[in-house]
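Hi,

Here is the structure I promised to pass on to you. Have a look at it first, and then read my notes below.

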Amino acid sequence: MEALKETQFQFPGVTGKYKGKVRDVYYLDQLMIVVASDRISAFDVILPRAIPFKGQILNQIAAKFLALTRDVVPNWVTAVPDPNVTIGVKCEPFKVEMVIRGYLAGHAWREYKSGKRQVCGVPLPDGLKENDKLPSPIITPTTKASEGHDMDISREEIIAQGIVSEADYMQLENYTQALYKKGSEYAASQGLILVDTKYEFGKHDGTIYLIDEIHTPDSSRYFYADTYEAIQSRGEPQKQLSKEFVRQWLIENGFQGKEGQNVPEMSDEVVNSISHRYIELFEKVTGEKFQKRSYAGVESTIESNVLKSLKEISK
């Protein structure tokens, strides 16, 4: 099954390269070239097989929502020259991820179910069920680990430890709330609920920028609005559009990223089903028909598109 698992480009002027869980980042003097590969990670582990079209889906969803939120916060994007590539301003990232939750799902639910009534220092009321709507959206930041697991952290700890200054952190919270509101409104227009999501920010020349991807299946969770209430009243699992189905498959097969656990074998059938779910999410979230890129000569196509774009930017 064809997929873009990794890249080894030699773009002119590159000063360094970083291989993330999903993205290959090529640094220039003032810009970064970010190639969204088809790698997939869960529980902070890169899974052994790549998922066809996943990188394209993430890059194109992110491009759409970054364009739609420019009136909320400046973002890093300069050009999107290829279905799998974004070129943008090189920022110094804040070492936190701003996670915001409107519903009790995923990690927050697992913490709550274990008996905790605080997540990242934010108190939660008793009596909530999985996937219940929270009284108001809560921000539950995590540390941004270069390797291994991101860790929950409170606002107070972030400021006390000097990870982010108090003034900058309050601005990050304001941006996070405004972005979540805008994302929720767009999701509602598509018949979806934006359950939770995360945002990353950086600084360039003293200005805070929204960086990375937003409102994609890797960074967000969606429910279907028309069936939410009925399913919730029956106490059944919500049908969701997110990467959670990958996590659940791993859990069912004995893997949660813990020491001594092995990633289960991913058959062609499993890889194909994940690809189809990502395509479904793209179409539901954006309201657009997904157009599959060709993998024939994909590296050459990406390289050509990037070089052409760099030439335009330098004019």
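Let me start with a small one: is V14 buried, exposed or partly exposed? V14 is partly exposed, with a relative accessible area of 31%. Before I go on, please keep in mind that this is a predicted model. V14 lies in the segment before β1. If you set aside the neighbours within four places in sequence, V14 is in contact with Y26, Y27 and L28. You can also look across to M32: the two residues are 18 apart in sequence, and their C-alpha atoms are 8.9 Å apart in space.

Next, the sheet. There is an open sheet of five strands, in the order β1-β2-β3-β7-β6, and the pairing is antiparallel. The edge strands are β1 (16-19) and β6 (77-82), each of which pairs on one side only. On average, neighbouring strands in this sheet are turned by 20° against each other, direction ignored. Strands pair through backbone hydrogen bonds, either parallel or antiparallel. For a concrete example, take β1 and β2 (residues 23-27): they run antiparallel and are joined by four bridges. K19 has D24 in β2 as its bridge partner.

Two helices go with this sheet. Helix α1 (residues 54-68) packs on the sheet and touches β2, β3 (31-36), β6 and β7 (85-89). The direction of α1 makes about 145° with that of β6. Helix α8 (residues 298-314) lies across β3, β6 and β7, and runs at about 145° to β6.

Now for the salt bridges. How many does a search of the whole structure find? The search gives 27 salt bridges. One of them links K54 and D218, with the closest N and O atoms 3.0 Å apart. K54 lies in helix α1 and D218 in the loop between β15 (207-211) and β16, so this pair ties together parts that are 164 residues apart in sequence. Both ends are out of the way: K54 is buried, with a relative accessible area of 0%, and D218 is buried too, at 14%.

K198 and E200 are another pair to click on, as their side chains meet in a salt bridge at 3.1 Å, N to O. Both K198 and E200 are buried. A third one is K239 with E280, where the closest N and O atoms are 3.7 Å apart. Here K239 sits in the loop between α5 and β17 (240-242) and E280 in helix α7 (residues 268-286), so the pair ties together parts that are 41 residues apart in sequence. K239 counts as partly exposed at 47% relative accessibility, and E280 also counts as partly exposed, at 23%. There is a network as well: salt bridges that share partners join E97, K144, K198 and E200.

On to helix α5 (residues 225-234). Which of its residues are buried? They are Y228, I231 and Q232. Looking down the axis of α5, you will see the buried residues fall within an arc of 100°, so they line one face of the helix. An α-helix has 3.6 residues a turn, so residues three or four places apart point the same way. The face of α5 turned away from the buried side carries the exposed residues D226, E229, S233 and R234. As for what covers the buried residues of α5, the list includes β9 (96-103), β12 (133-139), β14 (192-204) and β16 (220-224). G235 follows α5 and has a positive phi, near 70°.

Helix α2 (residues 106-113) can be read in a similar manner. The buried residues there are G106, A108, W109, E111 and Y112. Their cover includes β9, β10 (118-119) and β16. Just after α2, G115 takes a positive phi of about 115°.

Last, the cysteines. How many disulfides does the count come to? Zero, where a disulfide would need a pair of cysteine sulfur atoms within 2.5 Å. C91 is buried, with a relative accessible area of 10%, and C120 is buried at 11%.

Enjoy looking around!

Terms used: Residues are numbered from 1 along each chain as its sequence is written. This is a predicted model: local features need pLDDT of at least 70, side-chain atom pairs count only at pLDDT 80 or more; totals for chains, interfaces and linings use all residues. Side-chain values use heavy atoms; hydrogens and water are left out. Two strands pair if DSSP finds at least two bridges between them. Axes are lines fitted to C-alpha atoms, for helices over the stretch in contact, and angles run from 0 to 180 degrees between N-to-C directions. Contact means heavy atoms within 4.5 Å. Buried means under 20% relative accessible area, exposed over 50%, partly exposed in between (1.4 Å probe, protein chains only). The arc is that of the directions from the helix axis to the C-beta atoms. A salt bridge is a side-chain nitrogen of Lys or Arg within 4 Å of a carboxyl oxygen of Asp or Glu.
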